[in-house]
Amino acid sequence: MTHTKILFQSFILLLFCVAKTNAQEVLTLESAVKIALENNYEIKIATNNLTIEKTNVAIGNAGMLPTVTATVVDNNSIQNSSQTRQDGTETELDNAKNNSLTYGVGLDWTIFDGMRMFARLDQLKELQKLGEAQLKLTVITRISDVNAAYYNLVQQQQQLSALDSTIVISNQRLTLAQNRFTIGKASKLEVLNAQVDLNTDQVALLRQKELYANSKILLNQLLARDVATDFKVIDQLQVDGLLLLPELTALAEKQNPQLEAQIINKRVAELELKQIKAARYPTVRVNTAYNFSESQSSLGFVAQAQSRGLNYGFSASLNIFDGFAQHRNEKIAKIQIENSKLNIDQQNLALNSQLATSYQTYLTNLELIALEEKNESIAKQNLNITLDKFRIGTITTLEFRTAQLNYVNAKVRYSNAQFQGKLSEIALRELAGNLNF
């Protein structure tokens, strides 16, 4: 009868858990990544920055197009004037009005500047590529964070399941102890110990639920959505155990965004030197304008005058001596190119070092996963045997509790080993620029 009651209680608990689970959204990693790509604020800002760089790539921004300017100048004056002519006659006029009006359209066009404008256009294109690399870095970094937060929730969920299991066992133990106490086969102390251990397990479960809820909030924050959004994640955590260091290194050399950014920076520095060297050549500009001019004067030989017509010409200038500024600027630009080369070498070295250390951690975690999986299996067998012996009263409650804790700890360690292995995999894929999104 007692055994039937335990089974009924377990069945009711199982139905409650299933009903609660079905009410929650099951969030897959693919869905989480998609939401982050659409909502994450840092990704949006980086996308907007790239749009700015794309907008800047224009021949007008490089100085290749002419400038056209419309001007209007209107001057007026009221003066008390007097004039003495050559023949000695004098003329005076108070409040003499004078005005002049000039308006027109002018065009100014730099047709040669030592090829500086072409170097500037190429530099703008490289800056766009730099923006693309920075966007890629932001996306990979944030998606890596989403992956880590997601699989952390998988781990937390697995630990919740382990604690749920141990509470079921502790409840069974308490029921058995009470039954044995009722029929006189156990002391009250055994019942109290079982109750204390059950309470301890319930406290651990509450702490784990708190950690799980807070981890959900952090993932919702990364997804830039309402932090109160409820969901559950998948139950299983699979680690790719087939990653190879040479393949990862080859991928990193081609598509690591930080290394890519340093290579682009070197190209930008080279184009900057090209623009500076353009100052050694003459600058030629052409200009033309069509102007209309009108003036009126209350006193003087000419009372009214008008003119209109086309003006055109060109100008050329050449820097002959500027206090050695040209030489200094070129020298500094060359040093900046050398620094960009050093930055590439430094980034390569750092990247290879990170890959090597992360890969070693990855291999260690794979071994730990295999070892902890075996430990969990052994601990489960030991618990089953111990539970059977406890039911027939051939072992003490302390031995049973030890086996129970060993099983829970083994499950937690196995879950932790899987999570750490997954973090290693994510880190390697992030360094190689090969994180799927």
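Which residues of the largest nonpolar core touch the most other members? In this predicted model, local features require pLDDT of at least 70 and side-chain atom pairs count only at pLDDT 80 or more, whereas totals for chains, interfaces and linings use all residues. Residues are numbered from 1 along each chain as its sequence is written, and side-chain values use heavy atoms, with hydrogens and water left out.

The largest nonpolar core, a set of buried Ala, Val, Leu, Ile, Met, Phe, Trp, Tyr and Cys residues joined through side-chain atoms within 4.5 Å, comprises 55 residues, of which Leu27, Tyr150, Tyr151, Leu219 and Leu223 touch the most other members. At least two residues of this core are supplied by each of helix 2, helix 3, helix 4, helix 5 (188–222), helix 6 (245–255), helix 8 (325–392) and helix 9 (397–431); helices are DSSP runs (H or I, at least four residues) numbered from the N terminus. Helix 4 provides the largest share, 15 residues. A second, separate core has 11 residues, including Ile169, Ala379, Leu387 and Ala410. Beyond its neighbours within four places in sequence, leucine 223 is in contact (heavy atoms within 4.5 Å) with Leu27, Ala32, Ile35, Ala36, Asn39 and Val146.

Within helix 3, the residues Ile43, Ala46 and Leu50 are buried (under 20% relative accessible area, with exposed meaning over 50%; 1.4 Å probe, protein chains only). They lie on the same side of helix 3, because they cover an arc of only 65° around the axis, the arc being that of the directions from the helix axis to the C-beta atoms. The face turned away from this buried side carries the exposed residues Tyr41, Ile45 and Thr55. The buried residues of helix 3 pack against helix 2 (29–39) and helix 4 (116–182). At the start of helix 3, the backbone nitrogen of glutamate 42 has a side-chain oxygen of asparagine 40 within 3.1 Å.

Glycine 433, located in the segment after helix 9, counts as buried because its relative accessibility is 10%. Leaving aside neighbours within four places in sequence, glycine 433 is in contact with Lys136, Ile140 and Gln255.

The chain averages a pLDDT (the predictor's confidence in each residue, from 0 to 100) of 89, and 91% of the residues score at least 70. Confidence is highest in helix 7 (residues 257–277), at a mean of 96, and lowest in helix 1 (residues 2–22), at 44. Over residues 1–22, pLDDT stays under 50, and the model has seven contacts beyond four places in sequence for these residues. Where pLDDT is low, the predicted coordinates should not be read in detail.

Definitions and conventions
A polar contact is a pair of N or O atoms within 3.5 Å; within protein, one must be able to donate a hydrogen and the other to accept it, and residues adjacent in sequence count only if both atoms are side-chain atoms.
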